[in-house]
Structure formats: structure tokens, C-alpha cells
Amino acid sequence: MTMKKKLSFQELAAVGSMLFGLFFGAGNLIFPAAMGQLSGRNVFLATLGLLITGVGLPLLGVAALGISRCNGLAQLSERVGKKYSMFFTCVLYLTIGPFFAIPRCATVPFEVGISPLLSEASPGPVPLALFSLVFFGVVLWFSLKPGKILTWIGKILNPIFLVCLGILLITALVSPMGSVGDIAPQSTYVHSAFFSGFLEGYNTMDALAGLAFGIIVVNVIKDLGVQSPEAIASNTVKAGIFGCGLMGIIYLAVAVVGTQSRGLYPVAANGGEALLTIAKHYFGNAGAAILAVTVTFACLKTAVGLITSCSETFHSLFPSRFSYRTWAVGFCLLSFGIANLGLNAIIACALPVLMFLYPLAIALIFLALTGKWFQNDRVVYRSVILCTLLAAILDFIHALPASVTGFLHLTALLDLANRFLPFFSQGMGWVCPALIGLAVGLLLHAKRARNL
């Protein structure tokens, strides 16, 4: 019996759709819409930056898991060291899981889709608590059946979401509210649209999710009958191109629609408010209902993927502690509690952590993809990650509120970094240290090879 080498087009489309569904939450709608409004006529340059961090890096993250043949992020990051693997894996999964991304999956649809539909007689925390309770109850029901994730997300939740979103975007693009070329850029998008869009992609958390979701794609492909490592890697990359390509098309469409809305409306307070304005412009109160359904399904499917991925990972890291079911219930309860802190608090707390984690994730992805050229030598991994880690700590401090850095007497340190570290003020201070670490690591690798 011949071993299956590749998936059929229908299977590849289903896996790609599942991957898109795992990645694309409501935050992926909100941030491009806000970027589109602020970037104005520079929207295409800003979108290019967003596509690198919001589409390119997630695709590379999925590819890294497939090509490296590692059984998940923990095994991949173990190439740096076991202690680092435990630290990085736990921090990354908690960030894209119950600390930030999963709670945001509940608060975003509430703030964007549900809260505007409520009467002013329903203030306070009770509506959010009730909505998030129902939301996480549904998420838990789906998550307790992880073997059905391809069916739930790829074949059911994702098509519903795409139909709702397609109605809104196609209508807006066919009947635009203004011309992109007539809209003046604002804020940092005036002079650094590309870098601003690049950093906007951090908020999606998708590069981090790519490292987490890659193993889900690998396991689904195995379940579909592909077993050889080379074939698994090839099909993983193909599914990633399908899912991430669809994500890139929607990013561009949402950003352009956001820019065009400035032809009739001022810049909104956030991307959610901008989307609500657009939906109401074209469909009235029915538009608000369409947006509510769209955003809720976007977040629901992403939350299911995150709970499933986090629970499976922590069960594998600590197999003697709790079962998968216990982890899933615990993460849903923790996410429910944090969600009720509110969207603004979650976003504010997440930013410094993302500025710390993203450089480390990017470095690990590129090391995994290029590892065959230096035989995945641990000395190269350690050199690059160490230098990146030191710079990422500075980026973390830089993203803290000024009151915090002042209280901790870190202002002078930030001034030195801003003066001597290239691209630090643009949030990219880790790039040169990472390259230095790569050069040192490759020199040490070459020296070791000569001595053998």
C-alpha cells in the first residue's frame, strides 16, 4: 500500500480554512480598520508593514514547525535549552491564551457588537459578565472535543464568519465613502507608515499563534493520512499559504475600507468603533447586528483554537498534574475572570509583553527555517536568543507607562538605548543585537567545525 504524499485540493482547502479560522479573530478586524483610518493615502505602505508581521511571520511560524519536524513549540525552543524552552513556551501560551488573547476574544465582540445594541439602562459590569459567561460556555463545549477541530472551525464556524464579513466588505468596496488618495494620514503614519503598520501587526499576536498552531496543522495533516516528515512539511506549508493568503486579502480590504470611511466620518476612537460606523452607514441598525454576528463568530472560533492548543500544550508539559479536560476548564474560568477587567485594561497590559515576546519569536522562527545551514548548532541558537533577549527586555521597559519607568528609575536606561541602539525609537531595537548574535554564533560554529 502506497503512503499518502499529499492532500487533495478539498482537504488542503479545509486545513487552510481551519488555519485561517484559528488565526483570524476580531482583533484582526479592529487593528487593520484603525490603521486604515490613520494611515490615509499611505494605507498601502502601512498595510505592507502589517502584512509582514500579521501574515508573513505567522506563515513562517507554521512553516517552521513543519520544516523543523519538531513536535510543537516546546521541542523547537529546546534547541536553545531545556530551561529556556519551559520559560518561553509557558509565557507564549499564557500570552496568546488565558492572560490576554482569549479574554480579548470575549471583550472585543461585547464592546463592538453587543454593547452598542444595549440600552443605556443596562450599564455596569453585569452585561459583560453574562455575555462572557455564555461565550466561554460555548468555547468550552467546542474545546472538549479537540478531535473535531477541523470540522468545528474549518467547516462550520469559519464559513459563517466569512459570509457575514463578505457582505460588509463587498458592499463597502463597491460603494466607497471616499477616495483613498484624498485622505491625509495622521499620527505616526505621516512619516513612518511602514514601521507603524509593522508594529500594528504585533497586536494581532499571530506570529506567536503561528508557533502555537503549527502543531495543530501538523496533527490534522497526519490524521488525514500523510505520515512521512517530508510530505507533512510540504502540506503544512501549502495549507499555511492558503490560510495566510486569505488573511492577507481581508487585511487589505479592511484597511482600505477603513481609509475610505474617512471621506464621510472622522477618525474613530478605535477600530471597533470604526467598523460599527461603517456597518451602520451601509445597513443601518441591521448593520450593527451583522457586525455583532461577524465579530462574535470571529472570536469564538479563535478562542476554541486557543483553548485547545493551550490545554494540549500544558497537558504535555505537565502530564502528571491535570488532564486535558481540567486544563481546558481552568483556562476558560481564568479567561472569564480576566475578560471582565475590560478591553482597555487587557490591551494596555498586553503591549509590553508583546514587545518582549515578538523579537524572541521572530528570532526562533528564522533560526528554525535556516537551521540546516548551520546544522541546528545550539551555540548559534543560544547566541542569537541571548542577544535578542537583552534587547527585548529594553523594548519591554520602553512599552511600559512613563509613570512606571519613572518610578523604577529606568528613564536614564531608556535614554541610553535610544541614543546608541539603532531603530530603538521605532520599536525595532532588537534587530541589530540579533544580527550581532547571529554573527557571533556562526563564527563559533565555524570554529567548532574546524576543530572536529
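This briefing covers the cysteines and the charged side-chain pairing of the structure. The model is a predicted one. It holds zero disulfides and one salt bridge. The salt bridge joins aspartate 377 to arginine 448.

**Cysteines**

- A disulfide is a covalent bond between the sulfur atoms of two cysteines; the structure holds zero such bonds.
- Cysteine 90 takes part in no disulfide, and its nearest cysteine sulfur, that of cysteine 310, lies 10 Å away.
- A disulfide requires two cysteine sulfur atoms within 2.5 Å.
- Cysteine 90 has a relative accessibility of 14% and therefore counts as buried.
- For cysteine 332, the closest cysteine sulfur is that of cysteine 310, and because the separation is 10 Å, the two are too far apart for a bond.
- Cysteine 332 is also buried, its relative accessible area being 4%.

**Salt bridge**

- Side chains of opposite charge can pair when their charged atoms come close.
- In the salt bridge between aspartate 377 and arginine 448, the closest N and O atoms are 3.0 Å apart.
- This pair connects distant parts of the chain, with the two positions 71 residues apart in numbering.
- Aspartate 377 lies in the loop between α15 (343–370) and α16 (378–399), whereas arginine 448 belongs to helix α19 (residues 431–451).

**Exposure of the paired residues**

- Aspartate 377 is buried, at a relative accessible area of 9%.
- Arginine 448 is partly exposed, at a relative accessible area of 45%.
- The salt bridge thus has a buried aspartate 377 and a partly exposed arginine 448.

Methods. Residues are numbered from 1 along each chain as its sequence is written. This is a predicted model: local features need pLDDT of at least 70, side-chain atom pairs count only at pLDDT 80 or more; totals for chains, interfaces and linings use all residues. Side-chain values use heavy atoms; hydrogens and water are left out. Buried means under 20% relative accessible area, exposed over 50%, partly exposed in between (1.4 Å probe, protein chains only). A salt bridge is a side-chain nitrogen of Lys or Arg within 4 Å of a carboxyl oxygen of Asp or Glu. Helices (H or I, at least four residues) and strands (E, at least two) are DSSP runs, numbered from the N terminus.
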